[in-house]
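Dear colleague,

Please find below the structure we spoke of handing over, with its sequence. My notes on what was found in it follow directly after.

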Amino acid sequence: MSDSPIDIDEDELFDESHCALCQNGAGLDFDFTFAFQPIVDANRREIRAYEALVRGLNGEGAGTILQQVTGRAIYQFDQACRVKAVKLASDLGLKQQLSINFMPNAVYSPATCIRTTLAAARQYDFDTSKLVFEFTESETLSDTNHLVWIIDAYREMGFTIAIDDYGAGYSRINLLTDTCPQYLKLDMSLIRDCDRQPAKQALIEGTLLSMGRLGIETIAEGVETEAEYAWCRAHGINLFQGYLLARPGFQALPEPYIPVW
């Protein structure tokens, strides 16, 4: 594919043996694992999903791992992330949705690049209808149309789509209108002290109004205080993620604290 965002030999990647290598993380000179953080449905007082968060083998933060992802390694890393997240989630007995961040620039063909994920799901007996693919609105894209193509394909395959970190930087409204995700995650920079900052309140309220009209569920992420939680609940937010409810569990599925409201 001439407009592929990564320089890669497609004929090589169609080979089943290469898919097996990607599944094992071949080509990476580092290893990693995951922590899991719950996304809570406050109305039902239950866990809607767990997000898989990249960690080093000794619990190092995501930045330590991501800084090693350069050049061609972006493809192998993206593929290995999916496989490792599915395997670990299955080993831990996860029954809810599994939210995985993906790198649009590492996907040169949605149908081909999903094969390793589907193979891992079959191998580890994980229900693919529970997969949620997240991308950040601040993602550096070689071509927005390329992302829309991926999202359209994933939606047709039955996957759920989420935009992460919304409001962290320049909010590209066109991504919302072009991709129509099922979830929009409000960045912690908007949520922090939202109970006492009118400017943030106005931005959140406007976003909630728009998401309601579009049929998109809003997740407040990075919630740390009871006051933030209460303000968000009072203004119609039902889905929450953050330290108030549960810190990420290293290779574990933590049980959240759900405040009474």
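The lining of the largest pocket in this predicted model is made up, by class, of 16 nonpolar, 7 polar and 10 charged residues. The space in this pocket comes to about 810 Å³, and of the 33 residues that line it, those nearest its centre are E51, L53, N101, D164 and D165. At least two lining residues each are supplied by β1 (33–41), β2 (46–55), α3 (62–66), α4 (73–91), β3 (97–101), β4 and β5, with the largest share, 5 residues, coming from β2.

Strand β5 (residues 160–166) deserves a separate word: with 6 of its 7 residues buried, the strand is largely enclosed by the rest of the structure. Strand β4 (residues 131–136) runs parallel to β5 and is joined to it by 5 bridges, and within this pairing T136 stands opposite D164, a residue that is also listed among those nearest the centre of the largest pocket. Strand β6 (residues 183–186) likewise runs parallel to β5, here with 3 bridges, and A162 has Y183 of β6 as its bridge partner.

Both A162 and Y183 appear again in the lining of the largest cavity, together with I39, A49, S99, V132, E134, K185 and I219. The elements that give two or more residues to this lining are β4 and β6. By class, the lining residues of the cavity divide into 6 nonpolar, 1 polar and 2 charged, and the space inside amounts to about 40 Å³. The structure holds 1 cavity of 30 Å³ or more.

One further residue may be worth your attention while you have the model open, namely Q241, which is found in strand β8 (residues 239–241). Is Q241 buried or exposed? Its relative accessibility is 2%, and because buried means under 20%, Q241 counts as buried. The side chain of Q241 makes a polar contact of 2.8 Å with the side chain of E51, and E51 is in turn one of the residues nearest the centre of the largest pocket. Leaving aside neighbours within four places in sequence, Q241 is in contact with Q37, P38, I39, E51, K185, I219, A220, E221, G222 and V223; among them, I39, K185 and I219 also line the largest cavity.

With best regards

How values were computed: Residues numbered from 1 in each chain as written. Predicted model: local features only at pLDDT ≥ 70, side-chain atom pairs only at ≥ 80, totals over all residues. Heavy atoms only, no water. Helix = DSSP H or I, 4+ residues; strand = E, 2+ residues; numbered from the N terminus. Buried < 20%, exposed > 50% of the residue type's maximum accessible area, 1.4 Å probe, protein only. Polar contact = N/O pair within 3.5 Å; in protein donor to acceptor, adjacent residues only side chain to side chain. Contact = heavy atoms within 4.5 Å. Pairing = 2+ DSSP bridges. 1 Å grid on protein atoms, 1.4 Å probe; cavity = no way out; pocket = protein on both sides within 12 Å on 5 of 7 lines; lining within 4 Å. Points joined across faces, edges and corners; volume = space filled by probe spheres on them. Nonpolar A, V, L, I, M, F, W, Y, C, P; charged D, E, K, R; others polar.
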